[in-house]
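Q: Please examine closely the part of this assembly where the protein lies around the DNA. An account of how the protein chains are arranged there would also be appreciated.

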There are 2 protein chains.
Amino acid sequence: MAARTENRRATLRDIARIAGVTPMTVSRVINEAGYVSRETREKVRAAADALDYRPNLLARSLRTRRTKTVGVLLADIANPFTAQLAHGMRQVLDPRGYTAFICLSENSAAHEQSSMKALYQHRVDGLIVATRATLPGNESLLFMADHHLPIVQIGNRELNHPHIDRVTADHWKGGCQATEHLISLGHTEIGFVGVSLLNGSGLQRFQGFLDAMRQHSLPVREEWILGPGQDPVPGYSTQLVGYEGLSRLLAMKKRPTALFARNDMTALGIIQAARDRGLRIPGDLAIVGFDDVPLAALTSPPLTTVQQPIEEQGRRAAEILLARVESSEELPRQEIVMDCSLVIRESTVGPAINQESH
Amino acid sequence: MAARTENRRATLRDIARIAGVTPMTVSRVINEAGYVSRETREKVRAAADALDYRPNLLARSLRTRRTKTVGVLLADIANPFTAQLAHGMRQVLDPRGYTAFICLSENSAAHEQSSMKALYQHRVDGLIVATRATLPGNESLLFMADHHLPIVQIGNRELNHPHIDRVTADHWKGGCQATEHLISLGHTEIGFVGVSLLNGSGLQRFQGFLDAMRQHSLPVREEWILGPGQDPVPGYSTQLVGYEGLSRLLAMKKRPTALFARNDMTALGIIQAARDRGLRIPGDLAIVGFDDVPLAALTSPPLTTVQQPIEEQGRRAAEILLARVESSEELPRQEIVMDCSLVIRESTVGPAINQESH
DNA sequence: AAGGGGCATGTTATCGTTAACCGTGAATCC
DNA sequence: GGATTCACGGTTAACGATAACATGCCCCTT
């Protein structure tokens, strides 16, 4: 066991002195690089163990110009999406000896800005960005990319820089799939809850909905397209959008037989409101969500939803990033768009009129 | 705008050459330390701007032995608790010029271990740990503390090291408060859902429950103390504990009039199960949760729960840490235990027999 | 006029590590 | 047997910044 009284942390020099060699030789032993005889290697190892040596990564990085570190910029930490993303990245980074340092933007442009700056100045080898687009954020990213920092962005930023790769899911196609699922069940009167002009991927889902409807020559009723009631609320309160959305729908004289919710939390809000109003799901109203959050399988009824391959996005982002980090040449820009997949549970059946034929 | 073709990042030396001074003078300008005439200061500033200079923090830190960086070790990122904690810490760290680098243990001892090592070797100035206790984790913490790394732990680790401070909430007292609230409403038959021997704070809440019951000379029925049904499940699935718990209770011939759930997610599971079984809340069954997650206000009925001052814990932890980081002497160990507060919403009223008297 | 103190810079050494190079001897080759 | 290779490990000079000290100058005191 290490003595509990060491003061200054041990350095290569200390070990060298004890082992009777030069610091360079110790370095070779520590890094398992270059030629060192068995004998001296063991002597050095022993000395290093005795002093509980841990390399000073600042010094090493200063010299090697590598920190073996990846910055990860996340928006909101209290978010299953984010967690899975981080998990996927780690699966790639860990075995290759990289550490992920996570910074949070907390959905604030200022915080995002300062986090980027901090990561950049601390010389991370690469950056994975999964926050929503902001103007200053984009500028910083371009600046850093110009200065040859490898960057991968996950999501919907429009960054046309030859060195900024991108990984995202095909939200448009996912939106189509969800809509077509409802149509294939016989629904023709379908509404959309949670349109928002701010959110890129949300917008794409909505576009997928519209295109699928048009494809099947189904009319889209404008009053069945519901946005947030008031000012947008952060985090979990998207539930409210769903809750209020359904309430507004019920006040109309004609209402849809199925709803496509922009995301699962919105769908959960709808379910809650439906229950409060005595509406049966899926009997009276079919619902599809988006994201497949862990909660989605636990609601009653369990939610039919569209699953993004989140972990996989994290893994791919990390892989692409490391490829760029470790390559000596400049690689061509990569853009990876991954397919979503429909997860059919119990919140969708055909409309009441067809259902009876079952 | 910066030229988009810079290759090597600018250094003090580059600026010095352009401004016609020595690097040391540039350093003084950048750090606003020491005497520099107005004239040269402006010359240097101009040169620095022209080159888009950003200091190399690795080099600076190597020399100053300060990274202006704090490591934050979190268990699970998809967790409102964690998010608020991080938010609180940032409120203190940011204005004082520190950056928080977050690492995740993902509830794995191995990951925790490697994260600690990475943070230590990258020479963070201090460490805030909010993961659950593990044996190797505790050993690492003691090792690092011995080597004079300031550490603050949030939660229930038993670390008796003179340099490891601690911030936590009084879960025992919170458990008392919740229980006494139910008792004061007239309940005498109260159950507890979600006991677990693994979770320190959960155990304290349970202990608070027991002590409050004893205090009021109320019997505790052993069969109303429910743990997880099967193997413990991570993350949001604690809902299941609640769901299954209530199901098991309903199979008994006599059931309690009120339940205290170890945490809000468990309480939500109970509410869901109650609704599925046609039980009215709070009429047939009163429920108290713990944590006051954002969702708790949005359930129907909104959940009565115990609120921990989470952000405040984050702030205090950061403050104590920085105090230690920036102090030249060794400070005495601090242990801060913060009070919880009961948030009364609509999931609790008196038992049915009393309720009619309203 | 000598001394002291604040201002404004430069010089030097160093933080801990590694890249690049060099020297020595022993083994291997044709 | 001379040239070539290889194993081993030392030397030197950075990486980019700053601490500590030194230097020179001007102004003010007494």
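**The surface around the DNA**

A: In this predicted model, 25 residues lie around DNA strand D, and those that come nearest are A:Arg63, B:Thr11, B:Leu12, B:Ser27 and B:Ala59. Two or more residues of this surface come from each of helix H2 (23-31) and helix H4 (57-64) of chain A, and likewise from helix H2 (23-31) and helix H4 (57-64) of chain B. By class, the surface near DNA strand D comprises 12 nonpolar, 10 polar and three charged residues.

Around DNA strand C there are 26 residues, of which A:Thr11, A:Leu12, A:Ser27, A:Ala59 and B:Ser37 come nearest. Here helix H1 (12-19), H2 and H4 of chain A, as well as H2 and H4 of chain B, each supply at least two residues. The surface near DNA strand C is made up of 12 nonpolar, 10 polar and four charged residues.

As to the arrangement of the protein chains, a turn of 180° with a shift of 0.1 Å along the axis lays chain B on chain A with an RMSD of 0.1 Å. The two copies are therefore related as by a two-fold rotation axis.

The chains also touch one another: 45 residues of chain B are in contact with 43 residues of chain A. On the chain B side, H4, helix H5 (80-93), strand E2 (99-104), helix H6 (109-121), helix H7 (135-146) and helix H11 (264-276) each give at least two residues. That side divides into 22 nonpolar, 14 polar and nine charged residues. Because 96% of the interface residues of chain B are also interface residues in chain A, the copies meet through the same surface.

Key. Residues are numbered from 1 along each chain as its sequence is written. Chains are lettered from A and ligands numbered from 1 in the order in which they are written. This is a predicted model: local features need pLDDT of at least 70, side-chain atom pairs count only at pLDDT 80 or more; totals for chains, interfaces and linings use all residues. A residue is near a molecule or strand if its C-beta atom, placed from the backbone, lies within 6 Å of it. Helices (H or I, at least four residues) and strands (E, at least two) are DSSP runs, numbered from the N terminus. Ala, Val, Leu, Ile, Met, Phe, Trp, Tyr, Cys and Pro count as nonpolar, Asp, Glu, Lys and Arg as charged, and the others, Gly among them, as polar. Copies are superposed by least squares on the C-alpha atoms of residues with pLDDT of at least 70 in both. Two residues are in contact if their C-beta atoms, placed from the backbone, lie within 7 Å.
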